[in-house]
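This briefing is meant for someone meeting the structure for the first time, and it goes through helix packing before strand pairing. Please keep in mind throughout that the model is predicted.

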Amino acid sequence: MVEVGIVASLRGTALSCPATYAALDAPDIAPPRVRTPPDRRDETPSTTKRARRRLSRWPKSPTMAGRRLPSRSEWNVCPMNTHISPKKLCPYNTAGSGHSERMSQADGKVQDIMIERGHVYFHAPCFDGVVSTVFAVEILGWKDPVLHPVGYEARSTWLEDRLEAPTAVVDFLFHPRAEFWADHHGTTYLSETAASYHRERPRPHWIYDATAGSCAALLFERFPQLEHQELLAHWANKIDAAQYDSVDEAIFGASPALVISKGLAEGDGYANSVEVANRLRVRSLESVASDHDVRERFERVRWRAEVTIKEFGKRARLEPGNIVVADLDSDLGSNRYAPYVQFPDARYSVVLFKTSSGAKITAMRNPWREFRSVPLGDIFRHFGGGGHHRVASLLLPHPRVTNASVLLSTIVEEIRNFDQRGVPRDA
Ligand SMILES: [Mn+2]
């Protein structure tokens, strides 16, 4: 059956979101931006002292900000989890006009309230975050949702942050006060307390699978009502898990989903993400991809990719150990796939390029070859950088730029050593 094949292809190793890749490639790390759309900025509750005090009791108190968490028995009758229970028991999907949710008030009385508007916190700028938002809104039946783009700079205050209720969090860090949460990142729990909180109080609407290629695929598999969204799920997964068929598709691909996703971080990535999510709720991928602003952002990214590739042609060389090394003179950033246009069989690429605040070295293992990668993130951490197993980077502020090319050779040597002997040089 076609469906089975698609579901199977939607699974895969959870790589990091391409937004993280984009940040590694970008000339500079974007400054933190407001976490809510501009029109709601004034309404954003800051974490007041009282709220902080109240939240500091977490997780001992079962009451959070006056709100009792639904017990497991109240939730596990929901068809969103079991697929078989009667629809009328679903707190999000009761019959009638609109939707109701069983909420506990401070006085302990449970009452049904009509829900048209909920708050979705989603990872941005990230195509998987956008598609997961579209899916969550559809699952929850929210007619007029408020979308809150969030990035990892929110990490330091996330667990204390008062999210607006009712809350859905998708493709992002676990939050104990979210009624609905779905994620696939291995780093989703900000603390051991948060992880054990989830373990000890699992809820049907907390959906987590670190082996899923994308959050969108996870939701697609879990909720049969998303069956008609197969195309969106397929692309979100392909992009988030970086499962491109070829280097050509990765760099020059211009399918509607790629047109949208590649331009997402251009300019105000948060505003773009909210805009695109709202459009994708009511329009097709193809239609949104042909919007003027979406097209324009994509063209800018494509132009930069072309410049980078030309630059690579002049400056990249294949070094022993099958490692592409490039010392770029461009301040247009880099493109992580560019080395493999010229050297499709290389094992790794290590690239040095300028940024506004200095320089950056990024490394990646060839995603189109089958082999066991050296732990690039660990190697880079040793030099003051970081990253994931298969992709890593190191930021060099101005004082360190002077010895950037020395550092470049040292890192290349380290990767070569590790790759050939399976051990670091000094281990
Ligand atoms: Mn994701």
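The crossing of helix α8 with helix α9 is left-handed, and the two helices, covering residues 215-222 and residues 230-240 respectively, pack at an angle of about 145° with their axes 7 Å apart. A second helix pair, α6 with α12, has a right-handed crossing, and the strands described further below pair in both parallel and antiparallel fashion.

**Helices α8 and α9**

- On the side of α8 the contact is made by Ala216, Ala217 and Phe220, while α9 contributes Leu232, Ala233, Ala236 and Asn237.
- Sorted by class, the residues where α8 meets α9 comprise 6 nonpolar and 1 polar, with no charged residues.

**Helices α6 and α12**

- Helix α6 (residues 127-140) packs with helix α12 (residues 269-282) at an angle of about 45°, and their axes lie 9 Å apart.
- Because of this angle, α6 counts as oblique to α12.
- Helix α6 brings Gly129, Val130, Thr133, Val134 and Val137 to the contact, and α12 meets them with Ser273, Val276, Ala277, Leu280 and Arg281.
- The contact of α6 with α12 is made up of 6 nonpolar, 3 polar and 1 charged residues.

**Strand β15 and its partners**

- Strand β15 (residues 391-397) has 5 of its 7 residues buried, and it is therefore largely enclosed by the rest of the structure.
- Strand β13 (residues 358-365) runs antiparallel to β15 and is joined to it by 7 bridges; among these pairings, Lys360 has Leu395 of β15 as its bridge partner.
- Strand β14 (residues 386-387) is likewise antiparallel to β15, with 2 bridges joining them, and here Gly386 is the bridge partner of Ser393 in β15.
- The strands β14 and β15 form a hairpin, in which 3 residues lie between them.

**Strands β5, β7 and β8**

- Strand β5 (residues 119-123) and strand β7 (residues 167-170) run parallel and are joined by 4 bridges, with His119 standing opposite Thr167 of β7.
- Strand β7 also pairs with strand β8 (residues 180-183), in the parallel sense and over 3 bridges, and in this pairing Val170 stands opposite Ala182 of β8.

How values were computed:
Residues are numbered from 1 along each chain as its sequence is written. This is a predicted model: local features need pLDDT of at least 70, side-chain atom pairs count only at pLDDT 80 or more; totals for chains, interfaces and linings use all residues. A residue is buried if 20 or more other C-beta atoms lie within 10 Å of its own, exposed if 12 or fewer, and partly exposed in between; C-beta atoms are placed from the backbone. Two strands pair if DSSP finds at least two bridges between them. Axes are lines fitted to C-alpha atoms, for helices over the stretch in contact, and angles run from 0 to 180 degrees between N-to-C directions. A crossing is left-handed if the near helix is turned anticlockwise from the far one by less than a right angle, and right-handed if clockwise. Two residues are in contact if their C-beta atoms, placed from the backbone, lie within 7 Å. Ala, Val, Leu, Ile, Met, Phe, Trp, Tyr, Cys and Pro count as nonpolar, Asp, Glu, Lys and Arg as charged, and the others, Gly among them, as polar. Angles under 35 degrees count as roughly parallel, over 145 as roughly antiparallel, 65 to 115 as roughly perpendicular and the rest as oblique.
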